[in-house]
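Biologist: Hello! Could you walk me through this protein, starting with its pockets?

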Amino acid sequence: MYADHFGLRQHIRHHTDVISVTKTDDHATTGRWNVRCRDVSTGEESSEVFGAVMACNGYQSYPNIPKMEGLADFRGQVLHTHDYRTAAGFENKRVLVVGVGNSGGDCAVDVCRVTKQLFLSTRQGTWVVGRLDQDGYPWDFNHLTRFRLFLQSKFTRPWEKYIEWKVNSKFNHANFRLKPPFGLFYGQPMINDDLPARMLTGAIKIKTDVKRFTETGVEFVDGTTEELDAVILATGYKSEFPFLSQDVRVGLTNFFCHL
């Protein structure tokens with residue numbers, strides 16, 4: 001309805017792949033781009049020149065599948081959180097989730113409701129912050145205020161220690177083998193309310209980094225081993241824009257590295 005009301009539909013091309021976005025010959029003076037597209041229905045290709053291009057395909061669209069010793073030989077199911085939808089199919093299985101980002105945490109607490117045992121592997125731990133904070137308000141409502149951000153900018157280390165004390169007063173990270181070697185302000189925390197309770201009941205067990213996989217299980221860097229039925233990789237994404245030339249992609253990669 002919005003598109004029809006403002007006459008936008010005529011400017012939208014459905015079922016169209018962008019093959020390449022390259023600089024025009026006069027790009028240095030005009031800043032224009034040549035966009036080459038393909039109609040997925042007919043296969044017909046066409047080109048058009050634009051004064052500007054916005055790449056809105058998401059810079060975290062391509063799953064990162066790390067090279068892990070023995071993973072190719074593992075006989076169980078392997079998937080990335082990018083492809084995870086529901087816990088159906090994991091009933092009564094022993095499952096390993098690799099990675100403790102937000103995706104890994106959400107996936108772990110969802111799957112552990114039906115698994116026989118859920119293992120969560122982390123290289124160095126993470127800070128876990130609940131969505132629900134004091135007096136029932138959301139965490140960001142209480143903490144992302146101008147006054148508190150002022151305190152953080154002027155008294156960074158003392159304020160960080162205070163916030164860490166508050167976080168640990170509810171969930172002691174060291175007791176659960178999740179305390180990272182960096183401060184709360186120096187890494188992306190996991191936003192998750194359910195993880196502490198699931199760990200407390202034993203539904204989720206924290207493990208160290210993966211050393212190697214076997215045909216039927218996994219060995220961790222601390223020497224412990226576990227038999228597994230499935231592995232879910234919460235190993236992030238690669239920043240890729242396959243339709244952009246290499247020189248443009250390098251510029252975008254440098255930009256995102258500073259976000």
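**Pockets and a sheet**

Modeller: Gladly! This is a predicted model. Helix 3 (102-111) and strand 11 (210-213) each supply at least two residues of the lining of the largest pocket.

Biologist: Which kind of residue, nonpolar, polar or charged, has the highest count in the lining of the largest pocket?

Modeller: Let's start with the whole lining, which has 31 residues, with Gly 99 and Thr 235 among those nearest the centre. Eight of the lining residues are nonpolar and five are charged. The remaining kind has 18 residues, and that kind is polar.

Biologist: Thanks! Which strand gives the most to the lining of the second largest pocket?

Modeller: This pocket has a volume of about 480 Å³, and 17 residues line it, with Val 18, Val 35 and Phe 50 among the closest to its centre. Strand 1, strand 2 and strand 3 each supply at least two residues of that lining. With three residues, the one that gives the most is strand 1.

Biologist: How are the strands of that open sheet ordered, and why is one side of strand 1 and of strand 3 left without a neighbour?

Modeller: The open sheet has three strands with antiparallel pairing, in the order 1-2-3. One side of strand 1 (16-23) and of strand 3 (45-50) has no neighbour in the sheet because each has a single partner strand and stands at an edge.

Biologist: And in strand 3, which residue is the bridge partner of Cys 37?

Modeller: Strand 2 (residues 33-39) and strand 3 pair in the antiparallel sense over six bridges. Cys 37 is also among the residues closest to the centre of the second largest pocket. Its bridge partner in strand 3 is Ser 46.

Conventions. Residues are numbered from 1 along each chain as its sequence is written. This is a predicted model: local features need pLDDT of at least 70, side-chain atom pairs count only at pLDDT 80 or more; totals for chains, interfaces and linings use all residues. Side-chain values use heavy atoms; hydrogens and water are left out. Two strands pair if DSSP finds at least two bridges between them. Helices (H or I, at least four residues) and strands (E, at least two) are DSSP runs, numbered from the N terminus. On a 1 Å grid over the protein atoms alone, a cavity is a set of points where a 1.4 Å probe fits but cannot get out, and a pocket is an open set with protein on both sides within 12 Å along at least five of seven lines; lining residues have an atom within 4 Å of a point. Ala, Val, Leu, Ile, Met, Phe, Trp, Tyr, Cys and Pro count as nonpolar, Asp, Glu, Lys and Arg as charged, and the others, Gly among them, as polar. Grid points are joined across faces, edges and corners, and a volume is the space filled by probe spheres set on the points.
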